[in-house]
Amino acid sequence: MSSPARYSRSIDWVTVGLYALMVLLGWLNVYAASYSPEAPAGSLFNFEFNYGKQLVWIGTTVVLIVVLLVIDYKAYDTFAFVLYGLMIALLIITPLIARPIAGSRSWLELGPVRLQPAEFAKFITALAVSRYMAGINLRNQNWRDQLVLAGLTLLPPLLIVWANETGQALVFGAFLLAYFREGMSPLILLVLAAAAIILILALLVPKLWLIGVFTLILGLVFAFNTRVMRHHLPVALSVWAVVIGMVFGVDYFFNSVLHDYQRKRIEVLINPSADPLGVGWNVTQSKIAIGSGGFTGKGFLQGTQTKFDFVPEQSTDFIFCTVGEEWGWLGTMTVIVLFVALLGRIVYVAERQKSVFGRTYGYCVASIIFFHFSINIGMTIGLAPVVGIPLPFFSYGGSSLWSFTTLLFILLAIDAYRKQDLERY
C-alpha cells in the first residue's frame, strides 16, 4: 500500500466526522443568529454578515487541516519550545500595538482580518508543556520540575490578563487535569478546589460565620485525635491562618483588584435580579430564549429572541441559546452528546499514544475543549459568570475556529503517524 493511502487509513476518521458535524451545525446556528430577511440573494459569502465571514473561515480551515496533517509529527515535538518563545513575544507585543476593542487590547488587525493571539496560545502552550513532560516524571514529586511546569503554564495567562482578556486566561487552569493524569499529586487539586470553595463561600455567607464553622471543624478533628494535635498543630494553625486571610482578603480582591464590570458579573451570578437591565441582561435573555424553545424548539430561523436581537453577542459567546430556542431540548442535548462523544474519543486517542508527549498533548486537548464547553454553556444558563468563552466549533470567529481546529488536528496528526509506524511492523 502506498504511503499516502496508508496515512489516510491511519487518520482517526471518527474524530474527523464529529468535528465536521459540529462545524456544520455551528455554521447553521451562526446563520440563524445573524440572518436578516432583508439580506440580498446570494449573500452567503457577503462579509457584511457573520455567516458569510464564518463560511469563508470554514473554507480556510480545510487548507489548514491539510497542512497540519502533512507536517511530520516530529516537528510538533522538536519545535514546541521555539513556538512557545515566539508566542510569548507575540503576547507581549500585542497589547502594545493593538487598539482597544471592548476594553481589551488582545486583537491584531491585518487589514479586514482580526486575529486574537490568546486563542493560539492555548495549543502552543499545550505543545510546550507536553514536550517538557516528556522529559520528566511528575510522580517523582521533584519541585524543580513542578516549578518549571508551573512557569510554562502561568506565563501566557498572565500576559493575556495584562491585555485585559481575563476569560481566555482562565482556560489555562484546565491544564491541571492533564498534569493529574501524568502523576501530579492529587493534593494540589484538592488544595486548589478547597481554596475555590472557600473564596466562593466568602462571597455568599457572613465571614465570621464561615470562620466559626471552619474553626469548629478543626477543633473537632483535634478533639478526637490527640496524635494529630500533637504532631500537626503548627501545620493546622498555619492552614487556619491562611483560611482567615483568604476569607477577609476576598473583599480586597473583589473591590480593589477586579474591574467594575467583572464585579457586576459576579454579583449578577450570585443574584440574577441585581442588574436585570444592565450586566444581567444577556444571561436573562439567554435563559428566556433557551426556555422558550421547549422540547422541539420553534424551528430553524423562527426564534423570536434571535430574530429581534434580544441577546447581544448571540453568534459568538451566546450561540448556545440559539440552539435552545430554535432546536429546543432535543437540539441542546444533541450538542451536549456531540461534545461528550468528542471528548471521549479524544481521551481514547490520547490513551493509545505510546509517547508521554502524545498522551499529555491529547489530555491537554480534552481539558481545553471541556473547559470551553462547560463554562460557555454554564454562562448561557446562569451557572457561570459571563467571561467571554466561545463554544468550540459553534461560536462565530475565525481565531476561535482556527485555534480549535489546530488544537485537534495536531493530535490527529500525531496519532496518524503512530498508527502508520505500527503498521510497518
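These notebook entries record what I looked up in a predicted model.

**Entry 1: a pair of helices.** I began with helix 5, residues 80-97, and helix 6, residues 117-133. Their axes lie 9 Å apart, and the two helices pack at an angle of about 150°. I noted that the crossing of helix 5 past helix 6 is left-handed. I then listed the residues that meet. On the side of helix 5 they include Phe 81, Tyr 84, Met 87 and Leu 91. On the side of helix 6 they include Ala 121, Ile 124, Ala 128 and Tyr 132.

**Entry 2: Asp 145.** Tyr 132 led me to Asp 145, which touches Tyr 132 and Ile 136 when residues up to four places away in sequence are not counted. I located Asp 145 in helix 7, which covers residues 143-162. Is Asp 145 buried or exposed? Its relative accessibility is 13%, so I recorded Asp 145 as buried, the limit being under 20%.

**Entry 3: a nonpolar patch.** I next turned to the surface, where seven side chains were of interest: Ile 197, Ile 200, Leu 201, Leu 203, Leu 204, Leu 269 and Ile 270 make a nonpolar patch of about 570 Å². Helix 10 (186-204) and helix 13 (260-270) each give two or more residues to this patch. Which helix supplies the largest share? I found that helix 10 does, with five residues.

**Entry 4: Leu 201.** From the patch I chose Leu 201, a residue of helix 10. I recorded Leu 201 as partly exposed because its relative accessibility is 32%, which falls between the limits of 20% and 50%.

How values were computed
Residues numbered from 1 in each chain as written. Predicted model: local features only at pLDDT ≥ 70, side-chain atom pairs only at ≥ 80, totals over all residues. Heavy atoms only, no water. Helix = DSSP H or I, 4+ residues; strand = E, 2+ residues; numbered from the N terminus. Buried < 20%, exposed > 50% of the residue type's maximum accessible area, 1.4 Å probe, protein only. Contact = heavy atoms within 4.5 Å. Patch = residues over 30% accessible without salt bridge, like charges linked within 9 Å, V, L, I, M, F, W, Y side chains within 5 Å. Areas by Shrake-Rupley, 256 points an atom, 1.4 Å probe, with all protein chains shown as cover. Salt bridge = Lys/Arg side-chain N within 4 Å of Asp/Glu carboxyl O. Axes fitted to C-alpha atoms, helices over the stretch in contact; angles between N-to-C directions. Left-handed = near helix turned anticlockwise from the far one by under 90°.
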